[in-house]
Number of protein chains: 4
Amino acid sequence: MDLDAVKRSLELDPDPSSSSSSSSPAAELPPSFYDAFVLHGLRIDAAEPRRVLCSLSVPPRLANSESYLHSGVIATLADVVGSAVFYSSGFPTSGVSLEISISYLDAAFINEEIEIEAKLLRVGKAVGVTSIEFRKKNTGKIIAQARHSKYLAVSSKL
Amino acid sequence: MDLDAVKRSLELDPDPSSSSSSSSPAAELPPSFYDAFVLHGLRIDAAEPRRVLCSLSVPPRLANSESYLHSGVIATLADVVGSAVFYSSGFPTSGVSLEISISYLDAAFINEEIEIEAKLLRVGKAVGVTSIEFRKKNTGKIIAQARHSKYLAVSSKL
Amino acid sequence: MDLDAVKRSLELDPDPSSSSSSSSPAAELPPSFYDAFVLHGLRIDAAEPRRVLCSLSVPPRLANSESYLHSGVIATLADVVGSAVFYSSGFPTSGVSLEISISYLDAAFINEEIEIEAKLLRVGKAVGVTSIEFRKKNTGKIIAQARHSKYLAVSSKL
Amino acid sequence: MDLDAVKRSLELDPDPSSSSSSSSPAAELPPSFYDAFVLHGLRIDAAEPRRVLCSLSVPPRLANSESYLHSGVIATLADVVGSAVFYSSGFPTSGVSLEISISYLDAAFINEEIEIEAKLLRVGKAVGVTSIEFRKKNTGKIIAQARHSKYLAVSSKL
């Protein structure tokens with residue numbers, strides 16, 4: 001087993017005598033900065049009942065080490081844009097996440113223009129489900145497809 | 001439909017005359033900063049063949065607006081810690097993501113101690129699958145459970 | 001704990017002295033009968049590259065005890081109709097299942113007319129992914145949405 | 001495109017002049033026969049709060065054309081054994097299916113002894129989630145791993 005490879009894959013410093021990790025700019029960031037960090041640069045192209053369409057030019061900060069959009073960012077965008085459909089459909093809340101599932105189909109490289117379309121598949125008193133598709137803007141080729149289910153009756157207990 | 005609610009949910013400035021979004025600190029961050037941003041503070045407690053155990057005190061920067069660990073961060077940690085199991089099992093690569101699915105079961109609040117355990121469910125020449133469980137450290141209560149499948153023969157075409 | 005309720009839910013005879021289970025017609029059925037059992041009555045409405053459309057009048061034999069189409073049958077149809085898209089797209093095989101995920105959105109009752117549309121989302125040398133949607137024929141309302149990923153290079157080892 | 005291959009994959013008669021499909025034994029089976037058809041032969045080895053363990057010798061009737069347990073049957077068993085955990089945990093109902101996701105990891109051939117273990121991951125007033133693992137009995141090797149989420153407050157509207 002290659003512990004250094006494990007450490008490198010987890011962005012940990014293989015050499016603990018180095019002080020680099022304690023000086024990470026990540027440590028300095030404000031509370032709940034995550035959404036702002038991921039969503040900065042996202043544009044809303046359409047927001048209507050049951051549908052939200054956004055677009056994004058893949059920013060360098062959200063790429064993985066292979067220079068394409070990080071799987072975790074795609075999951076985050078599926079969560080956030082999928083949740084926005086509840087607001088665009090007139091609901092006062094988007095609830096809390098129950099399940100998310102994503103198929104990764106193609107890579108979106110730095111500076112590529114992509115679009116993200118979220119649709120409301122169903123909504124009831126307690127549970128709502130959205131589908132979210134990521135596509136390359138110039139070819140329409142699908143980058144990822146996700147489904148997200150949310151619990152909406154948040155005031156009562158899950 | 002409440003367009004401002006959609007915009008707020010996507011962290012966009014409801015008042016476009018304001019210049020706040022262009023001055024976001026997110027715009028200033030270095031390429032591929034995302035992994036470092038999420039993983040800072042993660043500790044490896046065990047790394048052995050077929051298993052990696054990490055722990056984390058939920059940092060404020062990764063919380064959502066409700067003050068608990070963001071669903072998108074959980075997806076990212078499932079991706080990254082799940083991938084680390086391939087390295088801890090002696091594989092030279094962790095491949096590319098095919099599928100991720102996550103059930104969200106409980107909230108992990110700011111400063112809560114959690115542990116993340118990834119296990120290798122199967123690995124072949126082409127496809128590997130991991131399971132990843134997020135638990136509260138003091139009670140063992142499950143926060144989320146994920147599965148992640150990866151394509152390993154990356155040099156050849158998917 | 002109500003063991004009889006568990007047994008009943010698993011279709012086991014709560015009274016083991018009864019001989020009914022050994023005389024079940026299920027025990028008499030021929031090898032690999034399952035596909036024939038589920039698919040009998042399915043009609044192909046369209047089969048073209050990247051798309052297959054089928055329809056079905058929900059038969060009583062495939063209903064659950066609540067008189068609507070069994071979740072397990074929907075999973076089976078997602079598997080089989082999703083796999084048929086590889087043939088309709090000219091591929092010599094549909095490979096083996098890697099992952100299936102399904103959101104159940106509405107009930108399809110006995111004798112309801114439903115349609116099942118499978119689309120090819122991606123196909124490569126090794127992995128193919130389809131989406132499968134189940135809809136009520138008269139209203140278009142979505143009953144279930146699934147994704148199915150398959151390993152196609154079956155001759156080589158997974 | 002090979003329409004006959006599509007038809008064959010869907011168990012339809014490529015030659016419509018043949019009368020075989022109309023005489024299928026499937027057409028004669030009683031209402032709601034599906035559960036009995038799949039579950040016949042399943043044994044309960046343990047049923048306790050939060051856990052049910054079953055075993056099964058893979059019967060020929062549930063194999064696919066490659067002589068191993070059909071993916072759709074695994075989905076059905078995940079649904080049904082997962083649901084049984086609610087009864088073994090003392091709940092009066094197992095609700096309705098919201099989501100199921102399954103990773104297929106290995107084949108279970110005809111006459112192989114397998115075990116199916118379902119665990120309750122969480123349960124609340126409205127939503128319950130189970131995990132279900134399929135293993136080979138003699139080696140413990142995992143055949144499939146699933147998660148199943150259910151809506152429990154069925155009397156009220158979803």
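Modeller: Two strands are said to pair if DSSP finds at least two bridges between them, and the strands themselves, like the helices, are DSSP runs numbered from the N terminus (helices are H or I with at least four residues, strands are E with at least two). This is a predicted model, in which local features need pLDDT of at least 70 and side-chain atom pairs count only at pLDDT 80 or more, whereas totals for chains, interfaces and linings use all residues. Residues are numbered from 1 along each chain as its sequence is written, chains are lettered from A and ligands numbered from 1 in the order in which they are written, and side-chain values use heavy atoms, with hydrogens and water left out.

Biologist: What makes strand E5 and strand E6 of chain D a pair?

Modeller: Strand E5 (residues 127-136) and strand E6 (residues 142-151) of chain D are joined by nine bridges in the antiparallel sense; set against the required two, that count makes them a pair. Within this pairing, D:Ile132 stands opposite D:Ala146 in E6(D).

Biologist: Which strands form the open sheet, and in what order?

Modeller: The sheet has 12 strands with antiparallel pairing, and its order is E1(C)-E2(C)-E4(C)-E5(C)-E6(C)-E3(C)-E3(D)-E6(D)-E5(D)-E4(D)-E2(D)-E1(D). Strand E1 (43-48) of chain C and strand E1 (43-48) of chain D are called edge strands because each pairs on one side only. Neighbouring strands of this sheet are turned by 15° against each other on average, direction ignored, where axes are lines fitted to C-alpha atoms, for helices over the stretch in contact, and angles run from 0 to 180 degrees between N-to-C directions.

Biologist: How do you know that E3(C) and E3(D) are joined?

Modeller: Five bridges join E3(C) to E3(D), and the two strands run antiparallel, so they too satisfy the pairing rule. Across this junction C:Glu99 stands opposite D:Ser103 in E3(D).

Biologist: What does helix H3 of chain C lie across?

Modeller: Helix H3 (residues 71-88) of chain C lies across E1, E2, E3, E4, E5 and E6 of chain C together with E3 of chain D, running at about 125° to E5(C). The word contact here means heavy atoms within 4.5 Å. Helix H3 (residues 71-88) of chain D lies across E3 of chain C together with E1, E2, E3, E4, E5 and E6 of chain D, at about 125° to E5(D).

Biologist: Which strands of chain A and chain B form an open sheet?

Modeller: A sheet of 12 strands, again open and antiparallel, follows the order E1(A)-E2(A)-E4(A)-E5(A)-E6(A)-E3(A)-E3(B)-E6(B)-E5(B)-E4(B)-E2(B)-E1(B). Its edge strands are E1 of chain A and E1 of chain B, each pairing on one side only. At the junction, E3(A) and E3(B) pair over five antiparallel bridges, with A:Ile102 standing opposite B:Ile100.

Biologist: How many residues are in contact between chain A and chain B, and what is the area buried?

Modeller: In the contact count, 60 residues of chain A touch 60 residues of chain B. The buried area, meaning the accessible area (1.4 Å probe) that two parts lose on being put together, summed over both, is about 5,000 Å², of which carbon and sulfur atoms give 68%. A:Leu10, A:Tyr34 and A:His40 supply 13% of the area that chain A buries against chain B, more than any other three residues.

Biologist: Which elements of chain A supply the side that touches chain B?

Modeller: Helix H1 (3-9), helix H2 (33-39), strand E1 (43-48), helix H3 (71-88) and strand E3 (96-104) of chain A each supply at least two residues, and the largest share, 11 residues, comes from H3(A).

Biologist: What makes B:Asp45 and B:Lys137 a salt bridge?

Modeller: A salt bridge is a side-chain nitrogen of Lys or Arg within 4 Å of a carboxyl oxygen of Asp or Glu, and the closest N and O atoms of B:Asp45 and B:Lys137 are 3.9 Å apart, so the pair qualifies. B:Asp45 lies in strand E1 of chain B and B:Lys137 in the loop between strand E5 and strand E6 of chain B, so the pair ties together parts that are 92 residues apart in sequence. Over all chains the structure holds 36 salt bridges, whereas the rule finds zero across the interface of chain A and chain B, and zero between chain D and chain C.
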